[in-house]
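User: Please take a close look at one part of this model, the pairing of two neighbouring strands, and place that part in its wider setting.

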Amino acid sequence: MYGEEFEDKVVLVTGSQQGLGESTVLLFASLGSKIVITDLVKDEIEKVALKCQSVSPKKYKPLTVVCDLTSEDEIKKLVKETIDTFGRLDVLVNNAGYYTEGNVLQPEVLKIWDNHCLVNVRAIMNLCHLFLPYLVETKGCIITVTNIPVAFYPEYYVCATTSRAAADMFTKNMAAQFASKGVRVNTVHVGGIDTPGFGRMAHAEEKRKVLLEITPLRRLAQPKEIAKAIWFLASSGASFMTGISLTVDGGAILL
Ligand SMILES: NC(=O)c1ccc[n+]([C@@H]2O[C@H](COP(=O)([O-])OP(=O)(O)OC[C@H]3O[C@@H](n4cnc5c(N)ncnc54)[C@H](O)[C@@H]3O)[C@@H](O)[C@H]2O)c1
């Protein structure tokens, strides 16, 4: 429906070597966008780049950048390579996420918190800091993937859920500040997604069972289902939406 509007647009998705990030770059590549794939492992990134090129109508080769989002220098390099290569950015998708178990009573909880903040909040703020001047030029948009705002496994996920709430508030602030400059900023609130990342979580099978119980649609999302929500928020179909959290969770927030 809104496919052609993404032709030749430059779309950068963090955490795009697998899972939801991979699905998202594949979707935009199939719509003719110029893609920036960035994550931690070069070989994985290159595999996704080949897939993107094969679905791209004009066979565009994505830019691939290994970037550890905990490093300010690497983020600077990611921004520079993107602008040096394409000269613009239209869509920034903050998809990379860090989550590990952490209980507030653990001695090392502040270290665990800092690690969450680096990827889930600080990197997003830095990417916005560096890319917003370009997004203002293109009247582009930012979409950040966070969680539904529930205290899922509160004894384990205080750092993960709290850092996501910070990203939600940052999004609202950016939306309010940059609306007059034509930049829309939104989040997608996800529940469980069936990705390799989910499978690697501690106690993944137990968590899958709990999620199935609390999700009225009785399944996890397929990555493509969330990628389409990201595409929608980036599209002119969402041209009057900014500062919102689009919930795509199979109804999990209801229970
Ligand atoms: N899968 C789920 O059930 C679920 C649930 C809630 C939220 N999420 C969030 O949705 C997003 C996509 O989910 P997914 O399961 O595909 O994610 P995932 O766990 O596979 O993570 C996405 C990517 O982020 C990258 N990443 C992590 N730390 C990084 C760093 N320091 N620098 C650069 N890249 C880094 C990882 O390498 C990975 O490829 C993530 O933000 C995730 O936290 C997922």
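Analyst: Strand β1, residues 10-14, pairs with strand β4, residues 91-94, in the parallel sense over 3 bridges. Strands here are DSSP runs of E with at least two residues, helices are runs of H or I with at least four residues, and both are numbered from the N terminus. Two strands count as paired if DSSP finds at least two bridges between them. Within this pair, Leu12 stands opposite Leu92 in β4. Helix α4 (residues 109-138) packs on the sheet, where the helix touches β4 and β5 (141-147). The direction of α4 makes about 175° with that of β4. Contact means that C-beta atoms, placed from the backbone, lie within 7 Å; axes are lines fitted to C-alpha atoms, for helices over the stretch in contact, and angles run from 0 to 180 degrees between N-to-C directions.

This is a predicted model, in which local features need pLDDT of at least 70, side-chain atom pairs count only at pLDDT 80 or more, and totals for chains, interfaces and linings use all residues. Residues are numbered from 1 along each chain as its sequence is written.

The wider setting is an open sheet of 7 strands with parallel pairing, in the order β3-β2-β1-β4-β5-β6-β7. At its edges lie β3 (63-66) and β7 (245-248), each of which pairs on one side only. From one strand to the next, the twist averages 15°.

The chain has 8 helices and 7 strands. Its C-alpha atoms fill a box of roughly 50 × 40 × 35 Å, taken along the principal axes.

Methods. Two residues are in contact if their C-beta atoms, placed from the backbone, lie within 7 Å.
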